[in-house]
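Please open the structure in your viewer and keep the selection panel at hand. The tour below goes from one selection to the next.

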Amino acid sequence: APEIGKGLSDYSFVEQKMMRWLTHRLRLPGRHRGARLESALKIIRDDCGGDGLRSLVDFGGGGGNDALFYAKNGYDVVCADFPSPWDAHLAERFRLHGVSCRLEDVRAISAEHRFDVLTSMDVLEHIYDVEAALASMLSLVRSGGYLVVQEDFFNVNYDVEHVDKNRFYHKKVPKYFSAFAEQLPSPGYVNVFRQTASDALGREE
């Protein structure tokens, strides 16, 4: 915690960055992103009659903004991403917001735990093996569960944050999911699917 009488410039760069994150950025997603998330959740609620959806995994949850939104909307949330030195601070962020979100390594989530809902917002364009990521997503959703995927392949750029080859996948996510999931009518910026296969990996339920 900041010490009384100590100015921000007296802290190291990393400490300053962390304090800014835990103060100025302790908030839910911005208005436009929050509206997108709420729109997707409404599509799901309307499709299933609002019944029995509790568990949600945020695939590529990053800094936890979306996970916070889902938790505050009544979901039991797993925020899944690569392990990071910031995980302890992220756990504290959830605590300060009064929500319980479990942090897990996205590569090590047991497929035995099948979720009601999986969300992945602006994640796929950062991943090298997109097909493997899509298969992993499908394996984590129970039959009749939902996938909410927003991709930004159209805006892939040449910096280290994106994989340039992923431009190829623009608008192709529905095609990859089509054998296992039905796409629901949804706004163009987000794809909502209902898992229709009993098991996307061919296992018994």
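By the rule that a salt bridge is a side-chain nitrogen of Lys or Arg within 4 Å of a carboxyl oxygen of Asp or Glu, the count comes to 9 salt bridges. This is a predicted model, in which local features need pLDDT of at least 70, side-chain atom pairs count only at pLDDT 80 or more, and totals for chains, interfaces and linings use all residues. Residues are numbered from 1 along each chain as its sequence is written, and side-chain values use heavy atoms, with hydrogens and water left out.

Select R194 and D47, whose side chains meet in a salt bridge at 2.7 Å, N to O. R194 lies in strand β7 (residues 191–195) and D47 in helix α2 (residues 31–48), so the pair ties together parts that are 147 residues apart in sequence; helices (H or I, at least four residues) and strands (E, at least two) are DSSP runs, numbered from the N terminus. Add E182 to the selection, since D47, E182 and R194 are linked in a network of salt bridges.

Move next to helix α4 (residues 87–96), where E92 and R95 lie 3 residues apart, about one turn of the helix, and form a salt bridge with the closest N and O atoms 2.7 Å apart. R95 counts as exposed at 52% relative accessibility, whereas E92 is partly exposed at 29% (buried means under 20% relative accessible area, exposed over 50%, partly exposed in between, with a 1.4 Å probe and protein chains only).

Finally, colour by pLDDT, the predictor's confidence in each residue from 0 to 100: among the elements of the chain, helix α1 (residues 13–23) has the lowest mean, 53, and strand β1 (residues 55–59) the highest, 96.
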